[in-house]
Amino acid sequence: MASIATLIVTADTGQLSIALPLIITEFGADLTLASWIALVYALITASLYLPCGRLSDLLGVGNLFLGGFILYGLSSIAAGASQSAVQLVVFRALQAAGSALIMANNFALVTALFPPEERGRAMGIAGGAISAIGYTMGPVIGGLLTHGFGWRSNFFVSAVLAFCGFAAARMLLPPESFRPSAVKKEPFDLLGGIALLFCFIRWERRAGAPLLDLALFRIPAFTLGNTARWISFITMSVSILLMPFYLQFALRLDPLRAGFLVAPTPLAMALLAPLTGWMSERFAAERLCAAGLAVSGCAFVLMSFLSPASASAQIVVCLALVGTGMGLFQTPNNNLLMTAVPRHRLGVGSAFLSIVRSLGYSIGAALATTIVGAQLSATGASSLQSIAKQLAADGSAIGLAAFMRGFRFACLTAAVLCFVGAAISAVRVSRELR
């Protein structure tokens with residue numbers, strides 16, 4: 001069930017990334033709209049993962065799965081029918097709420113059902129391989145749908161998959177998943193859930209049954225592992241947001257070809273995830289994580305040399321290396337983090353991992369937009385749309401050079417972050433867990 005949920009949500013992300021250039025074209029918008037579509041999704045999920053994780057401990061994982069699939073499906077239909085950019089962003093936010101209900105508890109479900117000696121392989125499949133398959137299929141499916149039926153079809157297909165997920169959850173989830181796992185006397189810390197950010201930490205330190213147990217951050221594996229995880233998703237977000245625009249505006253490829261070209265990253269992750277899950281049970285997870293982020297850093301350096309004249313093979317190599325690095329990093333990192341979490345806090349721990357992912361994606365989208373936008377503004381290029389129109393008219397655009405400079409700076413920034421994350425991951429923290 002965790003695999004089905006992961007597949008549905010990750011495929012949606014890949015589908016939409018390929019459709020973004022056509023979405024901003026239809027609504028006469030710019031890269032800002034693309035970043036907001038990514039930002040609102042990431043911010044909403046980040047704000048809801050922790051309450052959803054806590055609710056799963058109190059109400060049962062299965063009940064939240066069912067509600068999440070229904071909300072996700074209905075909001076996907078509404079997003080596909082949007083008539084303005086504002087409507088699309090609003091319905092995307094509702095879709096994010098459904099995603100939070102579904103994804104906040106995936107790692108908790110796997111951790112609860114599998115013993116430690118099998119957990120790495122289980123996470124490698126449910127969290128790593130299936131996630132990567134979803135990200136691999138997403139751009140390809142998105143390219144096919146967008147090219148053949150328009151960008152709205154991506155949302156409608158997501159709705160159908162969500163309703164299928166609801167049916168599968170009813171049939172496949174074990175009865176115990178619908179029962180609470182937390183101590184019955186513990187109430188839900190509602191005030192902690194709605195507290196303003198600057199009051200949150202102080203409140204949670206005083207609450208008898210906190211929404212987020214701050215004692216988790218005293219565990220080095222949890223703190224350092226999440227820091228590296230956060231960095232990894234920032235860099236992934238830079239690639240996910242900018243590559244479709246590079247391929248469709250700079251290389252002038254159609255969505256179908258663009259979808260196939262971005263597939264090597266998640267494909268490499270899918271191939272490596274089961275292997276690294278097995279390796280994380282036998283070798284120091286820190287070494288795998290550090291090596292993975294170092295490889296991704298080198299890949300982003302190579303990516304910074306791409307140009308409008310780059311061959312497809314060069315692009316494939318760069319993106320495959322990014323996927324290889326992330327494939328080495330993610331499953332060992334997930335296993336290390338969830339093994340460090342006490343069993344009675346699995347729901348909250350799993351939710352916090354999802355929060356870190358969402359915050360990484362949101363910051364990465366904002367970072368990429370800021371860097372590229374600054375370069376466009378510095379040269380007087382009004383928007384990406386002006387670049388696209390000039391390319392269609394005479395085959396050249398002054399603003400294209402500005403976009404490529406921004407693209408290169410963003411890739412180099414991602415490379416530096418990867419190397420920092422590799423250094424953090426190299427700190428030995430797994431001995432205490434044994």
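The turns below ask why features of this predicted model carry the labels they do.

User: How do you know which residues and atoms count here?

Analyst: The model is predicted; local features need pLDDT of at least 70, side-chain atom pairs count only at pLDDT 80 or more, and totals for chains, interfaces and linings use all residues. Residues are numbered from 1 along each chain as its sequence is written, and side-chain values use heavy atoms, with hydrogens and water left out.

User: What makes the pair of aspartate 12 and arginine 92 a salt bridge?

Analyst: The rule asks for a side-chain nitrogen of Lys or Arg within 4 Å of a carboxyl oxygen of Asp or Glu. Here the N to O distance is 3.0 Å. That is within 4 Å, so the pair is a salt bridge.

User: Why is this pair said to tie parts together?

Analyst: Aspartate 12 lies in helix H1 (residues 2-26) and arginine 92 in helix H4 (residues 85-103). The two parts are 80 residues apart in sequence, so the pair ties them together. Helices are DSSP runs of H or I with at least four residues, strands are runs of E with at least two, and both are numbered from the N terminus. Both aspartate 12 and arginine 92 are buried.

User: How many salt bridges does the rule give?

Analyst: The count is two. Glutamate 26 also forms one, with arginine 152, at 2.8 Å between the closest N and O atoms. This pair links helix H1, home of glutamate 26, to helix H7, home of arginine 152, 126 residues apart.

User: Why is glutamate 26 called partly exposed?

Analyst: Buried means under 20% relative accessible area, exposed means over 50%, and partly exposed lies in between (1.4 Å probe, protein chains only). Glutamate 26 has 44% relative accessibility. That falls in between, so glutamate 26 is partly exposed.

User: Why is glycine 14 buried or exposed?

Analyst: The relative accessible area of glycine 14 is 5%. That is under 20%, so glycine 14 is buried. Glycine 14 is in helix H1. Its C-alpha is 9.2 Å from that of valine 262, although the two are 248 residues apart in sequence.

User: What makes leucine 145 buried or exposed?

Analyst: Its value is 14%. Under 20% counts as buried, so leucine 145 is buried. Leucine 145 belongs to helix H6 (residues 116-149). The C-alpha atoms of leucine 145 and alanine 19 are separated by 9.0 Å, with their places 126 residues apart along the chain.

User: Why is arginine 252 buried or exposed?

Analyst: Arginine 252 has a relative accessible area of 53%. That is over 50%, so arginine 252 is exposed. It sits in the loop between helix H10 (220-250) and helix H11 (255-262). Its phi is near 60 degrees, a positive value in a residue other than glycine.

User: How do you know how many disulfides there are?

Analyst: A disulfide needs a pair of cysteine sulfur atoms within 2.5 Å. The search of the whole structure finds zero. Cysteine 411 is in no disulfide, and the nearest cysteine sulfur, that of cysteine 318, is 8.5 Å away. Cysteine 411 has a relative accessible area of 2%, so it is buried. Cysteine 164, at 47%, is partly exposed.

User: What makes the nonpolar surface patch?

Analyst: Patch residues have over 30% relative accessible area and no salt bridge; like charges are joined within 9 Å, nonpolar side chains (Val, Leu, Ile, Met, Phe, Trp, Tyr) within 5 Å. Ile70, Leu74, Ile77, Phe156 and Phe163 make this patch of about 410 Å². The elements giving two or more residues are helix H3 (61-80) and helix H7 (152-172). H3 gives the most, with three residues. Phenylalanine 163 lies in H7. It has 32% relative accessibility, so it passes the 30% mark and counts as partly exposed.

User: How do you know the span of H7 is close to the expected one?

Analyst: The expected span is 1.5 Å times one less than the number of residues. H7 has 21 residues and reaches 30 Å from first C-alpha to last, close to the 30 Å expected. Its buried residues include Arg152, Phe155 and Gly165. Alanine 167 also lies in H7, but at 35% it is partly exposed.

Note on methods. Areas by Shrake-Rupley, 256 points an atom, 1.4 Å probe, with all protein chains shown as cover.
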